[in-house]
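Me: Please take a close look at one part of this model, the largest pocket, and at the loops and chain around it. What lines the pocket, and how does the rest of the chain look?

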Amino acid sequence: QYQRRVHGPDSAFGQCSILCVNESEATIYCGFEVSDTPSAEKAIEVLRSKGAKTVIITLGSKGCLVFEHGKEGAMHVPAPVVANVVDTTGAGDCWIGSLAYYLSKGSSMQESCAQAHKLAALSVTKQGTQTSFPSLSDIA
C-alpha cells in the first residue's frame with residue numbers, strides 16, 4: 001500500500017545537513033504510513049539508516065519530531081492550537097522558511113521549530129499563501 005515510489009540513490013539522504021519532510025513525504029520515503037509521533041520516530045530511524053543526519057518530520061497541527069545529529073533521541077516540539085483556521089495552503093512553506101530564518105539567526109533547533117510553529121499557526125488564520133505569511137514587523 002505504501003510502496004516506495006521515489007527513484008534514485010538513498011545516498012542522497014546523506015547529502016542533506018537537515019532533512020525536513022512532512023508526513024506524506026516520510027510515508028513515501030519509508031514505505032509505511034507516518035501520521036503520528038510513534039510512526040515518525042520509526043521513520044526517523046529509517047531515514048537515518050539511509051544516511052540522513054538531522055531529521056525533522058512535520059506533523060501538521062501535532063507539531064514536529066526532530067532528531068538532531070550528535071544528540072540522543074528524538075524531541076517532539078508541539079504546535080500551538082489554532083482555533084480559527086481559515087486556509088492551511090502554504091503553512092508548510094511558511095514553516096520551513098521560518099525555520100531557516102531562525103536557524104540563520106543562531107537560534108537552537110528546538111527554539112527555531114517552536115518559532116516556525118507559531119508563524120505557521122498565524123499563517124493559517126488568513127486566506128492565501130504568501131499573503132498570509134507574517135512579516136518581520138508582525139513578529140518583532
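Reply: Contact here means heavy atoms within 4.5 Å. By that cut-off, Gly128 touches Asp87 and Thr89, not counting residues up to four places away in sequence. The model is a predicted one.

The pocket comes next. The largest pocket holds about 610 Å³ of space. Its lining consists of 26 residues, and those nearest the centre are Gly60, Ser61, Ala91, Gly92 and Ala120. Sorted by class, the lining of the largest pocket has 14 nonpolar residues, nine polar and three charged. At least two lining residues come from each of β1 (18-22), α1 (23-30), α3 (91-104) and α4 (109-123). Of the elements, α3 gives the most to this lining, with five residues.

Two residues of the loop between β4 and α3 can be taken in turn. Thr89 lies in that loop, where β4 covers residues 74-77. Thr89 counts as partly exposed because its relative accessibility is 45%, and partly exposed covers the range between under 20% and over 50%. Leaving out residues up to four places away in sequence, Thr89 touches Gly128 and Thr129. Thr89 and Ser123 are 34 residues apart in sequence, with 8.9 Å between their C-alpha atoms.

Gly90 is found in the loop between β4 and α3 as well. Gly90 has a relative accessible area of 13% and is therefore buried. Apart from neighbours within four places in sequence, Gly90 is in contact with Thr129 and Phe133. From Gly90 to Thr58 the separation is 32 residues in sequence and 14 Å in space, C-alpha to C-alpha.

Gly128, on the other side of the contact with Thr89, is placed in the loop between α4 and α5 (136-139). The contact of Thr89 with Gly128 thus joins a residue of the loop between β4 and α3 to a residue of the loop between α4 and α5. Gly128 and Leu59 are 69 residues apart along the chain, and their C-alpha atoms are separated by 21 Å.

Ser39 can be described in a similar way. Ser39 has its place in helix α2, which covers residues 37-49. With a relative accessible area of 13%, Ser39 is buried, because buried means under 20%. Not counting residues up to four places away in sequence, Ser39 touches Phe32, Glu33 and Val34.

That leaves the chain as a whole. The protein chain has five helices and four strands, and along the sequence they follow the pattern β-α-α-β-β-β-α-α-α. The radius of gyration of the protein chain is 15 Å, which agrees with a compact globule, because a globule of 140 residues would have a value near 14 Å. Along the principal axes, the C-alpha atoms fill a box of roughly 40 × 35 × 25 Å. Of the 140 residues in the protein chain, 35% are buried. Among contacts with a separation of 6 or more, 50% are between residues 24 or more positions apart. The protein chain exposes about 7900 Å², and 51% of that area is supplied by carbon and sulfur atoms.

How values were computed:
Residues numbered from 1 in each chain as written. Predicted model: local features only at pLDDT ≥ 70, side-chain atom pairs only at ≥ 80, totals over all residues. Heavy atoms only, no water. 1 Å grid on protein atoms, 1.4 Å probe; cavity = no way out; pocket = protein on both sides within 12 Å on 5 of 7 lines; lining within 4 Å. Points joined across faces, edges and corners; volume = space filled by probe spheres on them. Nonpolar A, V, L, I, M, F, W, Y, C, P; charged D, E, K, R; others polar. Rg over C-alpha atoms; globule rule 2.2 N^0.38 Å. Buried < 20%, exposed > 50% of the residue type's maximum accessible area, 1.4 Å probe, protein only. Areas by Shrake-Rupley, 256 points an atom, 1.4 Å probe, with all protein chains shown as cover.
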